[in-house]
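Trainee: Mind if we go through this one together? I keep asking how the labels get assigned.
Mentor: Sure, pull it up.

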Amino acid sequence: MIHIVLLAFLVAVAIAIVRMRDLLAVSMLLGIYGLLSASFFVTMDAVDVAFTEASVGAGISTLLMLVAITMTGRSEHPERHKPLLALFVVFITGGLLIYGTLDMPYFGSADAPIHLHVAPHYINNSMQEIGVPNIVTSVLASYRAFDTFGEVVVIFTAGIGILALLSVVRRSEDITKIDSINDSMHVEYLLLRIIVKMLIPFILLYALYVQFHGDFGPGGGFQAGVIFASAIILYAMLFGMSTARRVINQSVIQFFAAIGVLLYGSVGVVSLLNGKSFLDYSALSADPVAGQHLGILLIELGVGFTVASVMVIIFFNFEGRRDVSHHQGKNKT
Amino acid sequence: MSISSAVFLFIGSFLCISGGVGILRFPDFYTRMHAVGVTETLATAMILIGLMLQNPGGLVDLKLFIILLMTLFISPTASHALAKAAMNNDLKPKINKKDDIERVTSSKP
Amino acid sequence: MLIAATIAILVVMIMAITRAIMGPTLYDRILAVNMFGTKTVLLISVLGFVMGRPEFLDIAIVYALINFISVIAVLRHSDKSIFKTTEQEEKEMEKNS
């Protein structure tokens, strides 16, 4: 019952997003969309996915899209023609796809092939073979560790892409002028600075809790990295980019992003050198289950490093570019 | 115990709904923010206290208390930040034509 | 009583979405998103008790944080001129009064 209500909300918000012209409003509505999706995942009992969707889809995405839209423009260009041929092609393709799904088994039925192949093996044997109560973590980090390695490399590549496209060299006279502007903001942001200074240590501590508690409850490396990065982003937003760059050096962050991927790969190579296959954790220690625990701990640490560093890199580059363009815009007018 | 928990949950739900009615029916942004900011914090506090009185295990009580403490800090600060942003960008409150609009919205930090 | 609280929270979410779609100015929409986020925190906590799985409370803490960061981001980036209330919005506000 509650599924139908939440899905109806999703459809309403999606229609509103498509019809609106004001891009800032659209980015706020995308925040609501992310939160609704996360609630929907919670009602379907998928807690880890809801966690990741909330932190990435509703938090960081809204933030980055807001920064990007403040730098480009607020309203969409009006349409010039009505694309009727495209609409016709979309209807035909959609109809064929729906006709194709009529053959599939019912959603969630127990004798569907997807539930008979590997899933019973994971559910039955995960506790003996790996010894971790959270089956999602054991599947993600041990049975399917190779896929997770691919995900981490993709995140790292995204960070490198942003660095290659958006990093801008700051001249020293710009730096001193931006510094003076940021210091004069102290009175205006005073209340927020006090409250945020009290909150940031707890957010960092919570990120560490989520990282290491991923074996027993929802959590893991991805979510912990995003929460850690959001604490740093909060600091950088309220205290100014120059202060944040003095606290968190950009080259150290880039170094940590690479260290995460390197750590993950090294665990696999150590397993290779000990005679087993790549990313087989039972080669890491005398007792296979203890080897699994050690392997999962190390690779989750690697994932956490890379995700946190890449999020901070992306935000620093967006903000740095916005600071420079905003400052140049103010100087010209 | 469950009677007091039910009482707190009822008060919390009533405050939630009154906040929702407020955001729909009030005439102006600043009045809507007042409705949301006040009722939201108190409704969250009431519902969380009602859940704490249901006597679950040890760690769950602590987590509910942490959520309560965080909401008490975060909700009023967010209202302050939003009102400051609106004021800085010349969003004028809706007042009667008889009052002097320049006197009310003259530059305040 | 928990079920009644869940229904109340869902009703308030409908109201918040209505305001987000209808609200004439940008700030109404941001307020609606903020309220929606807080109600999601409550929904997750109450659903955790209804479904007997109190591990959901970790997610509730993250949602509260995410909500906060979005509103602070709006304040921090609103010093550009595109955040000023446009004339179309002012006309809609006059129409609604």
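Trainee: How many helices and strands does the secondary structure of chain C come to?
Mentor: Four helices and zero strands. Helices here are DSSP runs of H or I with at least four residues, strands are E runs of at least two, and numbering starts from the N terminus. Along the sequence, chain C reads α-α-α-α. Keep in mind that this is a predicted model, where local features need pLDDT of at least 70 and side-chain atom pairs count only at pLDDT 80 or more, while totals for chains, interfaces and linings use all residues. Residues are numbered from 1 along each chain as its sequence is written, with chains lettered from A and ligands numbered from 1 in the order in which they are written.

Trainee: Why is His117(A) called exposed?
Mentor: Exposed means 12 or fewer other C-beta atoms within 10 Å of its own, buried means 20 or more, and partly exposed is in between, with C-beta atoms placed from the backbone. His117(A) has 9, so it counts as exposed. His117(A) sits in the loop between α4 (84–101) and α5 (119–129) of chain A.

Trainee: And what share of chain C counts as buried?
Mentor: 62% of its 97 residues.

Trainee: How many residues do chains B and C each bring to their contact?
Mentor: Chain B brings 43 and chain C brings 39. Two residues are in contact if their C-beta atoms, placed from the backbone, lie within 7 Å. On the chain B side, α3(B) gives the most, with 16 residues.
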